[in-house]
Amino acid sequence: MDRYRQIMADIRRRVAEGELRPGDRVPSTRQVAEQWGVATATAAKALTALRQEGVVVTVPRAGTVVAEQAGSRLVRPAPAASPPRPGRERVVGAAIAIADAQGFDAVSMRSVATALGLPTMSLYRHVRGKEDLAALMADAAFGELEFPVPPPAGWRARLDLAARLQWRLYLRHPWLPRLVSLTHPQPMPNMFRYADWAMKAVRDLGLDPEAGQMAWWTVANYVRGTATNLEQQAESERHTGLTSDQWFSSHMPIFQAGLPSGGLPAEETPQEFDLTAFFEFGLQRVLDGIAVLAGRRGAGLQARNPARTVTR
């Protein structure tokens, strides 16, 4: 059977079994080409033939969707013949499990469908593609965060906890930092909930809104930036079989030999590297800097408003 006819038969089957219902989007020409491993011309030929049969129609700004009367033109098999359709939560959960075990690069529509025991194209009823799936994965991960009630007293304690919550989340999901963007953030409700909780601490600093926002972004991006090393660390351990401590110990003579100064004294030569300890040290320095900023702001307010100084 020609490849384009195989594609047509598979899409017809999915419509007949109810995996694709009237109004559901069908894969685009590019998606068909990718999923079936055919040229775009072959994919386009299959979709054109399905349109001519009345199985699908093209809707402006919506793409190609299943026609309203398509199901009645096809013979439906017994309900038991079709596998159960996963909900969006199952799709996202399977993707997160793959990313946790193998890294984000192992996540694809095909790998998720395989994990669920379903046809790859059936997932497009729940997500538009890998980009959409990635955003849902990130939001689901941030949904795992739980905030203490009441929150810690004082801005520093609250920001410190907010940073640690984010760091622990990245430890559980080393792939997550790459899906969090400072310049092109995705509309993720659970991330917004986390940011709103954390930024309440910044409001206690007495900074103007722009400076307060910058202070929070500095903390959040410090955590994310440091955490980008976690996925690479996990990937390196999978490939080399060495932990970071073992890597440092075995490669330190090479590092020392490459130093122009001839190397470091033995007592100053690190034999291990603890990323969490590095995170802890840097976090305190970032918070120290915000404390200085807040102190300067407070001093400036007092200088401009000496009458507000009250002796008790």
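**A guided tour from lysine 45 to methionine 214**

Lysine 45 counts as partly exposed, at a relative accessibility of 48%, since partly exposed covers values between 20% and 50%. The model open in the viewer is a predicted one. To place this residue, select residues 40–53, which form helix H3, the helix that holds lysine 45. Next, add arginine 5 to the selection: 40 residues separate it from lysine 45 along the chain, and the distance between the two C-alpha atoms is 9.2 Å.

Move on to valine 149 and proline 150. The peptide bond that joins these two residues is cis, with omega at about -5°. Proline 150 belongs to the loop between helix H7 (130–142) and H8.

From that loop, proceed to helix H8, residues 155–172, and display helix H9, residues 189–203, with it. How far apart are the axes of H8 and H9, and at what angle do the helices pack? The axes lie 8 Å apart and the packing angle is about 155°. Angles over 145 degrees count as roughly antiparallel, and H8 and H9 are therefore roughly antiparallel to each other. The crossing of H8 past H9 is left-handed.

For the last stop, select Leu182, Met214 and Trp217, and show the surface. These residues make a nonpolar surface patch of about 300 Å². Within this group, methionine 214 is located in helix H10, which spans residues 209–240. Is methionine 214 buried or exposed? Its relative accessible area is 46%, so methionine 214 is partly exposed.

Notes
Residues are numbered from 1 along each chain as its sequence is written. This is a predicted model: local features need pLDDT of at least 70, side-chain atom pairs count only at pLDDT 80 or more; totals for chains, interfaces and linings use all residues. Side-chain values use heavy atoms; hydrogens and water are left out. Patches are made of residues with over 30% relative accessible area and no salt bridge: like charges are joined within 9 Å, nonpolar side chains (Val, Leu, Ile, Met, Phe, Trp, Tyr) within 5 Å. Accessible areas come from the Shrake-Rupley method with a 1.4 Å probe; for residues, only the protein chains shown count as cover. A salt bridge is a side-chain nitrogen of Lys or Arg within 4 Å of a carboxyl oxygen of Asp or Glu. Helices (H or I, at least four residues) and strands (E, at least two) are DSSP runs, numbered from the N terminus. Buried means under 20% relative accessible area, exposed over 50%, partly exposed in between (1.4 Å probe, protein chains only). Axes are lines fitted to C-alpha atoms, for helices over the stretch in contact, and angles run from 0 to 180 degrees between N-to-C directions. Angles under 35 degrees count as roughly parallel, over 145 as roughly antiparallel, 65 to 115 as roughly perpendicular and the rest as oblique. A crossing is left-handed if the near helix is turned anticlockwise from the far one by less than a right angle, and right-handed if clockwise.
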